[in-house]
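Reader: I'm new to this one and would like a guided look. Could you take me through it feature by feature?

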Amino acid sequence: AVVSTQSGHYGRGKVFDSTKKRAEGTAYASYVAKGVHLKQHTKAKRKDWKTAHEEFQTIIKCGRTGAVAPPIENPEYETCPYCNRRFNESVAQRHIPLCNSKNKRQPMRVTRRKK
């Protein structure tokens, strides 16, 4: 006779929660027990799928006809005032100071060696 764990007699086992096991014996365990760790995460910005889909369709149509696709403008991106490139918000915060310091540096002088 074959005993199946799917039968109603045994039922289903508990789902293993690795977060609770990891937090056991630490100060973090009280937060996990209350469920605070789940509330701290913020949802990512919802992307506007309709405009992304329309842009994708125009790119495909241009590819079929051989025409040049129009540039894609994303309003969520920030423009760097030094190099005019566009970046995501978090990347722009890192890039703009670097680009600023790079612009302030003097260009390197190129010297020719005498032969």
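Reader: Which elements of the protein chain have the lowest and the highest mean pLDDT?

Author: pLDDT is the predictor's confidence in each residue, from 0 to 100. Helices (H or I, at least four residues) and strands (E, at least two) are DSSP runs, numbered from the N terminus. Here helix α3 (residues 36–39) has the lowest mean, 66, and strand β1 (residues 78–79) the highest, 92. Over the protein chain the mean pLDDT is 80, with 77% of residues at 70 or more.

Reader: Any ground rules before we go on?

Author: This is a predicted model, where local features need pLDDT of at least 70, side-chain atom pairs count only at pLDDT 80 or more, and totals for chains, interfaces and linings use all residues. Residues are numbered from 1 along each chain as its sequence is written, and side-chain values use heavy atoms, with hydrogens and water left out.

Reader: How many disulfides does the structure hold?

Author: A disulfide is a pair of cysteine sulfur atoms within 2.5 Å. The structure has 0 of them. Take Cys-80: its closest cysteine sulfur, in Cys-83, is 3.6 Å away, so that is too far for a bond. Cys-99 is in no disulfide either; its nearest cysteine sulfur, that of Cys-80, lies 3.8 Å away.

Reader: Is Cys-80 buried or exposed?

Author: Buried means under 20% relative accessible area, exposed over 50%, and partly exposed in between (1.4 Å probe, protein chains only). Cys-80 counts as buried because its relative accessibility is 1%. Cys-99, at 9%, is buried as well.

Reader: Where is Cys-80 found, and what is it in contact with?

Author: Contact means heavy atoms within 4.5 Å. Cys-80 sits in the loop between β1 and β2 (86–87). Leaving aside neighbours within four places in sequence, Cys-80 is in contact with Arg-85, Phe-87, His-95, Ile-96 and Cys-99. His-95 is 15 residues from Cys-80 along the chain, yet their C-alpha atoms are separated by 7.9 Å.

Reader: And Ile-72: which residues does it touch, not counting those up to four places away in sequence?

Author: Ile-72 touches Glu-55 and Ile-59 on that count. Ile-72 belongs to the loop between α4 (49–65) and β1. From C-alpha to C-alpha, Ile-72 and Ile-59 are 9.6 Å apart in space, and 13 residues apart in sequence. Ile-72 counts as partly exposed because its relative accessibility is 48%.
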